[in-house]
Amino acid sequence: MRRFKRRKGIKRQAAYDEKYLWPMFSTFIRLRDTNNNGYGSCFTCGLIRHWKQFDCGHGIPRQHKATKYSEINNRCQCKKCNGFEGGMREKFKEGVDRIYGDGTWEKLEISSKQVCKRDKFEYDVMTDYYLAEVKKLCSQKGIDPMEIQAVKKWVNRKDEAKKL
């Protein structure tokens, strides 16, 4: 009986998304929503923290793939609001409408119901885009991007792919 070796790598797109794109996007949102010293306030309760102590909170939950990577739907949230308080959806909704105009939340809810299927290429393109954005924000805030875990993971993956 012959045994086959399992190939290393990620087979499911969702796992690929969670491994590379989500950490980069989360880093971008948390850096975007903080000042030049890296401090910002929670979108829902106003608590002031360093960007590394925030979560990337969603108004509309992450299982809705169409709005998972919407920059309007994602903001800095403290761990209490995002986790224990369930995202404080009503306050999140009010904040989105206050910043982007009345009716924005309803448009987000409608778009969240759209079917969204992305392939590996799209995830790669999006990850590269957010890597560039993270690097821009890092240079503005005086942060070395290679100190950020998501950046290191993506750069190492790209280097390994070039070797093959």
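This is a short talk on the aromatic pairs, one helix and the salt bridges of a predicted model.

I'll start with the aromatic rings. The count comes to nine aromatic pairs, and I'll go through two of them. A pair of aromatic rings is described by the distance of the centres and the angle of the planes.

In the pair of F25 and Y130, the centres are 5.0 Å apart and the planes are at 85 degrees, which is edge-to-face. F25 belongs to helix α1, residues 13-32, and Y130 to helix α6, residues 120-141, so this contact ties together parts that are 105 residues apart in sequence. F25 has a relative accessible area of 0% and is buried. Y130 is buried as well, at 6%.

The second pair is F43 with F92. The arrangement is again edge-to-face, with 4.9 Å between the centres and 65 degrees between the planes. F43 sits in the loop between β1 (39-41) and β2 (48-50), while F92 is in helix α4, residues 89-100; the two are 49 residues apart, and the pair links distant parts of the chain. On accessibility, F43 comes out at 15%, which counts as buried, and F92 at 0%, also buried.

Back to F25 and Y130 for a moment. Both belong to one aromatic cluster, whose members are W22, F25, F28, Y69, Y129 and Y130. One of these rings, W22, also has a charged side chain over its face: R62, at 4.2 Å from the ring centre.

Now to helix α4, where F92 is found. This helix has twelve residues. From first C-alpha to last, α4 reaches 16 Å, close to the 16 Å expected at 1.5 Å a residue. Which residues of α4 are buried? They are F92, G95, V96 and D97. For those looking at the viewer, what covers these residues includes strands β3 (55-58) and β4 (74-77), together with α5 (104-112). After the helix comes G101, with a positive phi near 105 degrees.

The last topic is charge pairs. How many salt bridges are there? The count is six, and I'll describe three.

First on my list is R32 with D33, where the side chains meet at 2.7 Å, N to O. R32 is partly exposed, with a relative accessible area of 24%. This bridge is not isolated: R32, D33 and R75 are linked in a network of salt bridges.

Next is K79 with D55, whose closest N and O atoms are also 2.7 Å apart. K79 is in helix α3, residues 79-84, and D55 is in strand β3, so to speak a link between distant parts of the chain, 24 residues apart. Recall that β3 is among the elements covering the buried residues of α4. As for the two ends of this bridge, K79 is partly exposed at 44%, whereas D55 is buried at 19%. The cut-off for buried is under 20%, so D55 falls on the buried side of that line.

The third is E133 with K136, at 3.1 Å between the closest N and O atoms. Both residues are in helix α6, three residues apart, which means that about one helical turn separates them. An α-helix has 3.6 residues a turn, so residues three or four places apart point the same way. E133 is buried, with a relative accessible area of 16%, and K136 is partly exposed at 46%. Helix α6 also carries Y130, from the F25 pair.

How values were computed:
Residues are numbered from 1 along each chain as its sequence is written. This is a predicted model: local features need pLDDT of at least 70, side-chain atom pairs count only at pLDDT 80 or more; totals for chains, interfaces and linings use all residues. Side-chain values use heavy atoms; hydrogens and water are left out. Rings of Phe, Tyr and Trp (its six-membered ring) pair if their centres lie within 6.5 Å; planes under 30 degrees apart count as stacked, over 60 as edge-to-face and the rest as tilted. Helices (H or I, at least four residues) and strands (E, at least two) are DSSP runs, numbered from the N terminus. Buried means under 20% relative accessible area, exposed over 50%, partly exposed in between (1.4 Å probe, protein chains only). A charge sits over a ring if NZ of Lys or CZ of Arg is within 6 Å of the ring centre and within 35 degrees of the ring normal. The expected span of a helix is 1.5 Å times one less than its number of residues. Contact means heavy atoms within 4.5 Å. A salt bridge is a side-chain nitrogen of Lys or Arg within 4 Å of a carboxyl oxygen of Asp or Glu.
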